[in-house]
Structure formats: structure tokens, C-alpha cells
Amino acid sequence: MPDDTKQLFLARDTFMRRRVIDASRLLPLLGLFLFLIPLLWDDVGSGREAFLAEKLLYMFAVWFSLVAVAAVLAFKLRPGDLNVPRGLEEVDREAEID
Amino acid sequence: MFAFDILIEVCIGYVVLLFLVAYVADRRARQGKIGWLRSPLVYTLSLSIYCTAWTFYGAVGYAARSGIEFLCIYLGPSLVMIGWWWGLRKLVRIGRMQRITSIADLISSRYGKSAMLGGLVTLLAVIATTPYIALQLQSVTLSFGVFAAASPSDWPVQSQHATAIWVAVGLAVFTIVFGTRNLDANERHHGVVMAIAVEALVKLAALLAVGAFVVWGIADGPREIIQRINESPIAMAPNQSSRWLALIFLSGAAFLCLPRMFQVLVVENDDEHHLSTASWAFPLYLALLNLFVLPIAAMGLAVLPQGSNPDLFVLTLPLSQGQNSLAMLVFLGGFSSATSMVIVASIALSTMVSNHVVMPLWLSIRRQGATVSGDVREVVLMSRRLSISAVLGLGYVYYRFSGGGEALASIGLVSFAGVVQVLPALVGGVFWRGATRVGAALGVSVGFVVWLYVMFLPSFGPDVLLSARMMLEGPLGIGWLRPQALFGLHDVDPLVHALLWSMAFNTTAFCIGSLLSFPNPLERVQGAQFVNVFDYTASHRGWSRSNVDAEDLLIMAQRILGPSEAQALFQAAADAQGKQGYLPEITPDFIDSFERVLAGSVGAATAHAMIGQMTSGSALSVEDLMAVADETAQIMEYSSQLEAQSQELSRTAGQLRDANEKLTALSVQKDAFLSQISHELRTPMTSIRAFSEILMLGDALDAEEKAKYSKIIHDEALRLTRLLDALLDLNVLEHGHVTIEQERAVLRDVIDRAVFATSAVSADRVFTIDRNEAREAVQIYTDLDRLSQVFINLIANARKYCDAPRPRLTIRVVRVDGGLAVDFVDNGSGIPAESQSLIFEKFSRLSDQSAAGGAGLGLAISREIMTKLGGSVTYLPGQGGAAFRVILPKLPMERAA
Amino acid sequence: MSHHVLLIEDEPNIMEAIRFFLSRDGWKVSCHSDGATAVSEVNRITPDVVVLDVMLPNRSGFDVLKELRAAPDTRDLPVLMLTAKGQTKDRERAEQLGSSGFMTKPFSNAEVLEKLRSMVGHA
């Protein structure tokens, strides 16, 4: 349902919200890029001592950072664009007594 | 080492706990106390069925074999969740708008509600999921085996198959009990989701506990672990970039396409806001779950004897250190992982099988259509129950057939690659309006065949399903057709090879098919609705299909959705149109939303077919569909304001039309009223006058005659008085102040009184009254005399007017909107739809044939009384006879018994 | 010689009253209370005069009259219509359909008797 009152109410906010949405769109791309970086390391350090644990730490560092950023973005978005259409399923239920 | 019995007992205790959790959640949900049952947290935890036993045990095994690569399988879903704004949000919105019940339903619905596509996706899903279910059965069996082997021999090492059978049967029972309890209008299973959320916590706790034990119990802290990892053979495992990328893609895609994931992500989703929480919480869950996988693998390789199965390190590591309770927790964690996956997967598959295979077949066998057929609801539920058993049975058979060996361990990725064949049709369907049914069918089936050939069949190993010769040299010795080196691509990892070719063929076929074919009107409509779901929520309207009776639709709806849901739905729709009562105007809008609700129960294609049969007696014609398409194209250009206005207008028009009809009817009634009241007053007066004159003659009357005629005069005078009383009563109720004397009482007693008071009405007929006195044992607080006056009137009416050869009245107490209502339903021919809105008016007795009765004021009085008491009395259509619902005033009440 | 009258009326008390004062006056009285079978009842007992209520169960008195007037045997049979609605349009309808007399309830016994007597040519 088009909800024009809400749109109007948030009009000042729109710019800010757009940036947040853009950020949430870009975040997975950034994540993918960061997750692929370890692939490059092997070729560089060919005569290496094993550094699997460091690699693992790097992966989890990226992972947890992504989670943190995603959480911040999710909280910023919360009141925003997700006006859920209330359809027929909002009908009150009735049931027989048991 | 503790006795094996304890393990069994703990296991059973755990299952009982899950039953309880599911039961309580279901119960609360049905009482409308959803609350925390549907919090974002529960939603997030329910997503954890992505992590099956394959994760729980297999991740460590995977890590021990191939190093850090295992992480990719969780990075894909993490990125999909973090990137929810791209796709998931849209999927969830579409799922809600179109009342999607499964991934097969989504595909079928998008491509013109095609039954064929739904069936195809269902077939694919069943083939790809069965091995995965087998894998879960195997993991539970193996973990049992670990305990059995380590325990003293008091437990006979029974054949592992017996364990698998019992697990499968137990899961089937659980799933049938909680998964098919109800044909929910929106196909959500509160109990199951809650149980899964609990299992998610158990899984996480178990893995974290083992991890902590490994890091701080066995090793000396993180420092030592880092050293161990770098010294372990795992550190030498090569990284293959192509596999790394392929795995991220595959897992991310499978996360969307797996039937069970689609079920929890989209179908069970209750609120889009939950998605924004899950977008970070679920990746967090995955990260935590995988945090200690590599440490456990490295430590397992270092501590446990050579040749131990790394897939069971999680379990054997604590056991080898004598940590029995920890091992028990781990066992439960693994058990949780396996059971939650199997439960949701079989619910999802059974929904698909029943909606896209069984129901279409059933409908086509019963040519005369859904109207005349029996209880559709029962058929659907039964077919789901059978499907669940069949799916689990298949899983078990597969487990036996494959021998439960190493071959199974690799099946996880094979299965992923199978379901991912739906991805092009899914993504294309959601983002590309030009995607057509032909394209989707071609893409899915080509991808499916390629996957079968290059991945699924070879996965059984040489000489099982494909001969070794064929695998080595290609069919008929054609080298470039070798299954695992298609078109000479032989230096590539088999997974990458299979994924590359199947997706390439799939996507190409999908695109070419879509470009070369022309969508039919319904596909275009659905395409527009899916792709533009955010800026366009109204569906086709403005064209009218051939006439269909609202009452017929209601009858069908009651069969499928259950009576109370159907009535609530119709009443809400009538409300929205500004009409009173239960029967809305049959507008295209209403038909649309109704179809979507039905789709929630039986799937889009089936619902469409049923509505088609109802509305036009046959399938929709091309002209109909063209009309839809044209109207839709126009409507899409409407601005949002216009749309809102036109809705407001049509609502006002509906109200005006209603009011006008009522006024016309009322003016006709006004004339009838005068003539009626004249008749009602003159009839007793005639007798009184005639007999008075006779008595006045005085002569030739014996005493007996005198007495008899005086009595007649007396009776008729009383009748006149009653009539005048009723008129006055009504007048006071309508215009004056009425004192209402409220008392507390048990509803049953009031009904008793009314039934007794009416026993003299038409006493010559045998009249049966069905009651459920236990349900009537509720406290009420209202004016009891007035209420029983209403009951008496309704019962007396049934006794007088029910025209069934064996008249029968059912009085039942129901809950409505949290309040109480009493339904009076008889088995007569009911009241014709055109009269239903008039019967509550004064003197509106429908025919004069029973003129001996009241003057037609009873229902008018009853209505006034109920309004004064704060309740209502309405006619309830579609019950097979005359039916009235008395909604009692809402007040705090509790059970008497 | 006594005249034979058929009463077609569904209110038992009214029927009883008319029956009483007619028999007392020496009439032979038959009673019937159903609209649907009224015409065949007339044909069966061939009364000299019929008293017909308008509001009958299953079939209106007007319809009964119409059918009686359409058949040659009963075209001239005297029929007195009774109605409790008392509207002029009912009276007009009755006359138009060829009733021999029309009375509104409540009626005077004497008037009914008078009317019936005149209808059968009784002094």
C-alpha cells in the first residue's frame, strides 16, 4: 500500500536513509572482496612458514567486523523503509474453545 | 564411560523436551499469544537449520582434510544475509504478498501459476534433498555407534540400521504432529520453529563448549592452539582459488534455494523487520559456530590415534579425555542439528509434494471441481502426512542403498549443487520481467539433467549407477562427453566443473528460452507483480469475471481453511467494502486476495485452478486473461494517490449502494408494516367480537359452551396484549432508556432455561437439540432475562420454521475475537441470501404460512436487546441451514468448571 | 330447506364463531382451512355459498377465487371474501376478481348472516 503520510514524515530523513541503504548494498561486496584476499597470499609467500592460524584470525576478524557494521546499519534502518503491507492475514482469528 | 542406556534415556528426554516446547508454542500461538514466539531472535535461530549434522560433525572433518576452505560454506550465507537489501528483502516481500508456500510455489506462481514448473521444482528438490536426509540419519547413527563402541557391552551392538529406522520414525511422528497440525492460512508452524530455535542454541552451546575445552582444557590457551594449527598437516593443504569462489557462490545460492531454508527464511517469516536483525545476527551465529572448528581439527589430529575419523572428532575428542558429560552435550548438539534439518526439510518437501503433485492430480481426477468435492482440507492434510512419511522413508532407503559409507559425506555439496539449479529461474523471476515459463522450464530441466549427469550419478562412484568405463571414456566412447570432464574440461576440480557446466547450461537455456518465447497474460501479470513488488501491491482489478455466489465461495473456503478462519476472512472483506454481515461483494479484488489466501494452503497453481472452476465453471479463457493483462498495465500507471482515492470511492459507493438497497427495502416494508399490523390486530379482535356477540345473545347456550367461548375471548385478548407488549418493548428498546440488570451466571443455565421455555413451541414435532454442555460451562455477566429472551426467540424460531423432515438444532459455543459467541444452527433450508439482511427488520416474517406464530417482531427485538447489552446477533450464512450467531458482550470471564 | 355453506378460514377461533352462528341459524356448515386444496374441496362438496378468507396458508384467497371464477361449474357460485387487512385495494381486488361480497374483520355476526342470506336468495 502506498503510504504517503509516512513518506512525508520521513522526508527530511530521506537523504540519510538513502546513504544507509547504499551502505547496506555495498557491504556484502566489500565482504566478498575481503574474504577473497587470502587467496592472493599463498602465491606471494611461496617459501613461507605455515601461517594458517593467522589466516584464520584474519577471516574471523573480517567476519566479526562485517557483523558489527551490518548491525549498525540494521539499527539505523529499523524505522525506515520497511512499511509492511498489512493484508488479509491480519484478520482476527477465531477458534473454538477447547 | 557410562552405560549406553543413559544415552538412550537422555536422548528420549531431550525429544520429550522438544515435544513440550513445540506443544507449548503451538498452544500459545493458537491462543493468539504470539509475543516472543515470533521475535527476531527466534527467526534468526530458526535459520540455523542451515547448519545440519554435516556442519556439526562434518565441518571439523572438512577442516582436517582441506584446511580453511570449509569456511566458504558459511561465508556464502553470511554474505547473502548481510546483503539482504539486494535480494532477500524482495523475496520475503513477495512471499508475503503472494502467500508463497514453498520454493516450488514461488517458481510456479511467478511463471503464470504453472503446475508443470511447480512439479518440476518439486521433483528436483526431492531428488536433491533425499541424500541429505540420509546423511543426517547416518550422522545420528554414527554418533550412536561411537558411544556403543566405547561403552561396556551391556548394549548389544545392534545393527545400525535399526537406529536409523527409529530415528526416522521418531522424526516422522514429530513432523506430522507439529507440521501438519493445521492447514494454516499462511503455512506457519510456530511449534516447529520454536523447537528449532531451541535446537539451534543446543548446537551452538555444544560446539562452543567443545571449543573452549579444546583451547583451555587440552591446550594451554590460544597461543598453543595457534602453534598447533600451524604445525598440523592441515596447514599444508593447498588453497584452490576456483574452489574457494565456487563454494562461496554455491553456499550462498543454496542458502536461498534449499527448500528448508526457503521455508524458514520466507515462508515462516512473520515480519520483514526480523530480516534486518537476522542480517547481522545470523552471520554472527555462523561465525561463532565455526570459531573453534579449526582448533578442534588440529587438536584432534594431534591427540587422537592415527586413522580416527575426523568427522567424529567433536565427539571422540572429549570422550578420549574422559569428558563424558561434554560428550553427551555434543551428542545432543549433533542430534539437534540432524533432527531440525530433517523436520523442516520434510515439512517443506511435503508441502511441495502435496501442493504441486498430489493436489493437481487429485483436482484433475475430480473433474467436477472443488465445489462438489468433499473435504479438501482433509485431503491436503492427509497428503502432507503421507508425503512426510514418504520423504523420510526415501531418506532411509537411500541411506541403506548407499551403504551409509564415505560416499555420503560428499553428498552435501552434490545436494547443494542440485537445488541451486532453481537459482536462475528464481533470480530471473524476481528481477527480470521478461523471464518466461518456457525459459524457466528449460533452464531448470537442462540444469537438472546436466547436474544429474556430471555430478549426481557419478557421486555414487564408478560402476554403481554409471559404469566405470563410461565415466572414464564417455558414453559410447565419446571422450568429450565424459561426465566429469565435459567438453574436455578435465583439469578442473570436479565440484567447480559440475557447477560451472550445470549453471552455464541452465542460465543459457533460461535466457534463450525467455527471449524466444512470449509470456501468456497471466505470466505477465505475475511477472509485474513479482518484479515490482515494492511499488505496486494492488493486483488486477476492474474487470469482472462471470458471476459467482459469495456463499459458494464461503462454503469452499470453509472446507479448506476451516470454518472460523473462513468466516473471519469474509467478514473482514465485507467490512472493508463497507458492507455488513459475512458476505462481501464479489469484486475481482476480493477474488484475488481470496485466491492468495487459498494459495497459502494449497499452493498457487491449485488455488488458481479451484477459483477458476468456481468463478467460471471452467478454466479461465484467454480473453479473460487478456483483460487482466490490459487492466493491469493501465493500473500500474496509476499514481499511489489515485489508487488510494479510488479505493475510498469504491468503498463509499459500496456503502451507498448498500444504504440505498436497504432504504428501498425499508419503504416496501413500511407499507407491508401497516397492512401487517392491521392483520395482526384484527385477527384476535374478530374472534373477540364474534364470540361476544354470541354470548350477548344469551339464549340456547349451555354452560359448557359459555365457558368455552369465554375462554376463547380471554385467550384472544391475551394474544392482543402480547402483541402490544412486544410492540411497546421494541419501541422502548429502540428509543427509550432500558435498565439492564447485570448478574453473574453460567451460560449453560441460561441456555437450559431457554430450551425449557420453548419446549411447548410446535410440541407436536420431534425436535432434536444438540448441545455441548461442557463448552457451555462458562461464566457470563449480563442481563440474564434479556439474554434468555433472545435465546428463546432463536430456539422458538428454529422449532417453528425449520423445515427439515427431522428438525435438529445445534447450539454451540465458540470463541470469536477473544469473546464468546453462541451459534444456533438448524438443518432446515436456511434463509435465502436476498432476505438475510431483512430478517432483523420489524414484521419481516418471510412468508405468511405460519401466521399462528409471533408477529415477526422477535428477531427485531433480539437485535435491539443484544445491541443494548453490548453484543450482537447476526445471520451466519453458509452453514447448511438457518444459523444465527449471538456474540455475547465482552467482559472478564472465566470457566465455571 | 337448509343451505350448505363452505367456510375456508385458517384461524380456528374465527371459524368456530362463524360455524356456531350459522348452524344456529339452520345452515349446513362445512369447514376447510388450507388454501392449496380449497378449490378441490369446493368441487367435492358443491356448497351453495362459500366464505373465503384472503390470508390462507399455502395459497391466497384471491388466487382461490380466481380459479373458481375460471371454471364453468363455479363461475356463478356466491363467494363472500373476508379480510383482516382492511385496505381499500383489497376490496377493489376482490370485486375485480368477481367476489359476490366483501367484509372486513372484525365483522358483525348479524351482518355476515344477512349477507349470506341475501347471496343465496333467502328472504
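Let's start with strand β1 of chain C, where both faces are covered. On one side sit His4(C), Leu6(C) and Ile8(C), on the other Val5(C) and Leu7(C), and all of them are buried. Please keep in mind that this is a predicted model. The strand spans residues 4-8, and because 5 of its 5 residues are buried, β1(C) is largely enclosed by the rest of the structure.

What does β1(C) pair with? Its partner is strand β2 of chain C, residues 28-32; the two run parallel and are joined by 5 bridges. If you want a spot to look at on screen, find Ile8(C), which stands opposite His32(C) in β2(C).

Staying in chain C, have a look at Lys105(C) and Asp53(C). Their side chains meet in a salt bridge, at 3.3 Å from N to O. Lys105(C) is in the loop between β5 (101-104) and α5, while Asp53(C) belongs to strand β3, residues 49-53, so this pair ties together parts of chain C that lie 52 residues apart in sequence. Buried or exposed? Both Lys105(C) and Asp53(C) are buried.

Now let's turn to where chain C meets chain B. People often express the size of an interface as the accessible area lost when the parts come together. Here the area buried between chain C and chain B is about 2100 Å², and carbon and sulfur atoms give 57% of that. Which three residues supply more than any other three of the area that chain C buries against chain B? They are Asn13(C), Phe20(C) and Pro106(C), with 26%. As for the residues taking part in the contact, 22 come from chain C and 24 from chain B.

On the polar side, there are 9 residue pairs in polar contact between chain C and chain B, counting pairs with both residues at pLDDT 80 or more. Two elements of chain C give two or more residues to the side that touches chain B: α1 (12-24) and α5 (109-119). Of these, α1(C) gives the most, with 8 residues. Sorted by class, this side of chain C has 10 nonpolar, 6 polar and 6 charged residues.

The rule also finds 2 salt bridges across this interface. One of them joins Arg719(B) to Glu11(C), with the closest N and O atoms 3.2 Å apart.

How many salt bridges are there over all chains? The count comes to 24, and I'd like to show you a couple that sit within a single chain.

In chain B, Glu69(B) forms a salt bridge with Arg243(B), and the closest N and O atoms are 2.9 Å apart. This pair links distant parts of the chain, 174 residues apart: Glu69(B) is in the loop between α4 (58-66) and α5 (72-82), and Arg243(B) is in helix α12, residues 241-257. Glu69(B) is buried, and Arg243(B) is buried too. There is a third member here as well, since salt bridges that share partners join Glu69(B), Arg243(B) and Asp493(B) into one network.

Chain A gives us a local example. Arg19(A) and Asp22(A) meet through their side chains in a salt bridge, 3.3 Å from N to O. Both are in helix α2 of chain A, residues 14-44, and because they are 3 residues apart there, about one helical turn separates them. Arg19(A) counts as partly exposed at 40% relative accessibility, and Asp22(A) is partly exposed with a relative accessible area of 32%.

Thanks, everyone, and I'm happy to go back to any of these spots.

Note on methods:
Residues numbered from 1 in each chain as written. Chains lettered and ligands numbered in written order. Predicted model: local features only at pLDDT ≥ 70, side-chain atom pairs only at ≥ 80, totals over all residues. Heavy atoms only, no water. Contact = heavy atoms within 4.5 Å. Buried area = accessible area lost by both parts, 1.4 Å probe. Salt bridge = Lys/Arg side-chain N within 4 Å of Asp/Glu carboxyl O. Polar contact = N/O pair within 3.5 Å; in protein donor to acceptor, adjacent residues only side chain to side chain. Helix = DSSP H or I, 4+ residues; strand = E, 2+ residues; numbered from the N terminus. Nonpolar A, V, L, I, M, F, W, Y, C, P; charged D, E, K, R; others polar. Buried < 20%, exposed > 50% of the residue type's maximum accessible area, 1.4 Å probe, protein only. Pairing = 2+ DSSP bridges.
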